[in-house]
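Let's take a stroll through a few local features of this one: charges, rings, a sheet and a bit of surface. Have the structure open while you read.

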Amino acid sequence: MQRIGVFVCHCGTNIAATVDVKRVAETLGKEPGVVVATDYPYMCSLAGQDLVKDAIKEKQLTGVVICSCSPRMHEGTFRKAAQQAGLNSFMLEIANIREQCSWIHKDIAEATDKAISIGRAAIAKVRNDQPLTPSQNPVVKRALVIGGGIAGIQAALDIADAGYDVDIVEKQPTVGGKMTQLDKTFPTLDCASCILTPKMVDVAQNEKIHIYSYSEVEKVEGYIGNFHVQIRRKARYVDEDKCTGCGLCTQKCPMKKVPNEFNLGLDDRHAVYIPFAQAVPKVATIDPRYCKMLKEGKCGLCSKVCGVGAIDYKQQDRFVEQDYGAIVVATGFNPIRLDAFDEFAYTESKDVVSSLEFERLMNAAGPNNGVLLRPSDGKPPKTLVFVQCVGSRGTSCRDKEYCSKICCMYTAKHAMLVKEHYPDTEVYVFYIDVRTPGKNFDEFYRRAVEQFGVHYIKGMVGKVVPQADGSLDVQASDLLAREQLHIKADMVVLAAAMEPDKSARHLATMLTASMDTNDWFTEAHPKLRPVESPTAGIFLAGACQGPKDIPDTVTQAGAAASKVIGLLSKDHLTGNPCIAECNELRCNGCSSCANVCPYGAITYVDKEFKMPARVVVTRRVAQVNAALCQGCGGCTVACPSGAMDLKGFATSQILSEVDAICQ
């Protein structure tokens, strides 16, 4: 005999304002099998949980229905309470009468009737529920960090400091990411290299951290606690173990006109190169696109001058396979390409640059050794115009709808640095509005205006026209003064929008991680689980999730590391018992379920079945790997014969809910 308890939550006024909770409890208490039905202001509170526990023990309940908020919020809380009272935690159902009812209705009578229907559906499901037992899976005590920028570095250091092995996979020849290209950082104006380089050295010297630079993740299999990852180590044509980073090969290489990616093409490098002086690892890399020896079989000068014999022209890509318990995604961002913004003459004039290119021009380690010169003629600019929100907060197909968050602050930084080093330079900033939400950010912006005399003009630049004398005619509007402006500028700096790294979409597919429409990784919950991916065991750090400045990036990297440490500290993980199961008598071996399974959890075996008259028939049937299955339910939808079902969400259970709603 079933004995079901129903508990209706007021959720303060979130539910009670539009739902008559007492009538809901009274009505559901009359349903067959319900022996107790009550309401309480806050069911998720300790007192509310005790109410459920006491009822389970006193009434000997076989099932529980909680009419409250989304199961994403407190399903785990109530399952734990039921388990503590001696009831199998999977004999409890959540009826979501907040998000699915009270929040979307204004009429109390209508909302109350709907809440009753939702509650009846949950009761019907509980009647068909079966006790489930979670599986236990071992945890590999090793973490993988994908991306070697400041987010990946910070996460790796924190995990390693807790005593766990960490591998960093970075697609560039060195770790450091975008921060290595910056000059100063806001709002303190301290040297980016001075604060980043020590961390890069710490990563290189930490015995718990292994760096796979110039490498990419090729394949990911497995599940939380047991990921199997294949890493492609791209051929450098230089033996990392032998190379001392002396740089002699880079000096002697005759191919000197290779665009320097580190300086964004503002100067040239050799075909053999070390990206910058503080590179980690400090190992040379040969660019096969420009090396004469690799392309034509001629030259070989770098091999001749290398005293340790590190040059290896026959080196091939190789693969490393490793198991991990957790994965941190820290793939970062890129500025958008500005080629589509023809109105700013970015492709027409060398003196129209992006903010990151301006960083390199101002950097002491940049192409001009820190002296600000116009790219077109090498002369110092006398008038600079900064254009905000280029590609951000737009509605056209070329724009991003979101705010890139960091542009207002780094433009203020650029303006201040220019005025500090070149006081006679006129600096104009055109903006939609100035956003300075961080600590001391507003004071920093006001310093640029009040102390350094930067001209902030509320309005947008409509067009930039190169002139015959080499200047730039900036045509803009001043919305506050209600007038059109023409400024004769020597340089124009465009605050380009941030977008996810191009590798993010492909990586998300491998990880079965979620992304939004702009290709930013999506967190499991924006408030309660901000650094976790919806895919268990995958954690997010830094600007792979959305636009972030350095403080926010480091903070999130530390938070992701703490989640990884908590995971790796466990010897075993409790698996999800709501997994797929196959009715072998119905299965026809068509492979439809295996084809849609994103986790590779379904395989096929030949199995013998005894038929009438002692006839033995061998048939191909599906088999589910309980450790790999994540209970997504895709196979149950794809199965044409109805052989695949999901424990806890079986077809019979779902149909019983539908029948209850249709009463």
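## Charged pairs, rings and a sheet

Asp-377 comes out as partly exposed, because its relative accessibility is 36%. Keep in mind throughout that this is a predicted model. The partner of Asp-377 is Arg-374, and their side chains meet in a salt bridge with 3.0 Å from N to O. Arg-374 is the buried half of that pair, because its relative accessible area is 7%, which is under the 20% cut-off for buried.

That pair belongs to a longer list: searching the whole structure turns up 39 salt bridges. As a general point, side chains of opposite charge can pair when their charged atoms come close.

Here are three of the salt bridges side by side.

| Acidic residue | Basic residue | N to O distance |
|---|---|---|
| Asp-377 | Arg-374 | 3.0 Å |
| Asp-571 | Lys-141 | 3.3 Å |
| Asp-287 | Arg-269 | 2.8 Å |

What does the salt bridge between Asp-571 and Lys-141 tie together? Asp-571 and Lys-141 make a salt bridge at 3.3 Å, N to O. Asp-571 sits in the loop between helix H14 (550–568) and strand E30 (572–574), while Lys-141 sits in the loop between strand E5 (136–138) and strand E6 (142–146), so the pair ties together parts that are 430 residues apart in sequence. As for burial, Asp-571 is exposed because its relative accessible area is 53%, and Lys-141 is partly exposed because its value is 31%.

Next up is the bridge between Asp-287 and Arg-269, at 2.8 Å from N to O. Asp-287 is in the loop between E16 and helix H8 (292–296) and Arg-269 is in strand E14, so this pair ties together parts that are 18 residues apart in sequence. Both Asp-287 and Arg-269 are buried. They also have company: a network of salt bridges links Glu-261, Arg-269, Asp-287 and Arg-289.

Now for the rings. Across the whole structure, the search finds six aromatic pairs. One of them is Phe-186 with Phe-441, an edge-to-face pair at 5.5 Å centre to centre and with 80° between the planes. Phe-186 is found in the loop between strand E8 (184–185) and strand E9 (190–191), and Phe-441 in helix H12 (residues 441–450), so parts that are 255 residues apart in sequence are tied together by this pair. Phe-186 and Phe-441 are both buried.

Phe-262 and Phe-276 also pair up, and this one is stacked: 4.8 Å centre to centre, with 20° between the planes. Phe-262 belongs to the loop between strand E13 (258–259) and strand E14 (268–269), and Phe-276 to the loop between strand E15 (272–273) and strand E16 (285–286), so the pair ties together parts that are 14 residues apart in sequence. Phe-262 counts as buried because its relative accessibility is 13%. Phe-276 counts as buried too, because its relative accessibility is 11%. Elsewhere, ring pairs join Tyr-431, Tyr-445 and Tyr-456 into a cluster.

On to the sheet. What is the strand order here? This is an open sheet of three strands, in the order E11-E12-E17, and the pairing is antiparallel. Strand E11 (215–223) and strand E17 (318–324) are at the edges with a single partner strand each, so each has one side left without a neighbour in the sheet. On average, neighbouring strands of this sheet are turned by 20° against each other, direction ignored.

E11 and strand E12 (residues 226–233) run antiparallel and are joined by eight bridges. Among the residue pairings, Lys-219 stands opposite Gln-230 in E12, and Glu-216 has Arg-232 in E12 as its bridge partner. E11 and E12 form a hairpin with two residues between them, and Gly-225 in the turn has a positive phi of about 90°. On the other flank, E12 pairs with E17 over seven bridges in the antiparallel sense. There, Ile-231 stands opposite Val-320 in E17.

Last stop, the surface. Phe-649, Ile-654 and Val-658 form a nonpolar patch there, with about 240 Å² of accessible area together. Ile-654 lies in helix H17 (residues 651–661). Ile-654 counts as partly exposed because its relative accessibility is 34%.

Note on methods: Residues are numbered from 1 along each chain as its sequence is written. This is a predicted model: local features need pLDDT of at least 70, side-chain atom pairs count only at pLDDT 80 or more; totals for chains, interfaces and linings use all residues. Side-chain values use heavy atoms; hydrogens and water are left out. Patches are made of residues with over 30% relative accessible area and no salt bridge: like charges are joined within 9 Å, nonpolar side chains (Val, Leu, Ile, Met, Phe, Trp, Tyr) within 5 Å. Accessible areas come from the Shrake-Rupley method with a 1.4 Å probe; for residues, only the protein chains shown count as cover. A salt bridge is a side-chain nitrogen of Lys or Arg within 4 Å of a carboxyl oxygen of Asp or Glu. Helices (H or I, at least four residues) and strands (E, at least two) are DSSP runs, numbered from the N terminus. Buried means under 20% relative accessible area, exposed over 50%, partly exposed in between (1.4 Å probe, protein chains only). Two strands pair if DSSP finds at least two bridges between them. Axes are lines fitted to C-alpha atoms, for helices over the stretch in contact, and angles run from 0 to 180 degrees between N-to-C directions. Rings of Phe, Tyr and Trp (its six-membered ring) pair if their centres lie within 6.5 Å; planes under 30 degrees apart count as stacked, over 60 as edge-to-face and the rest as tilted.
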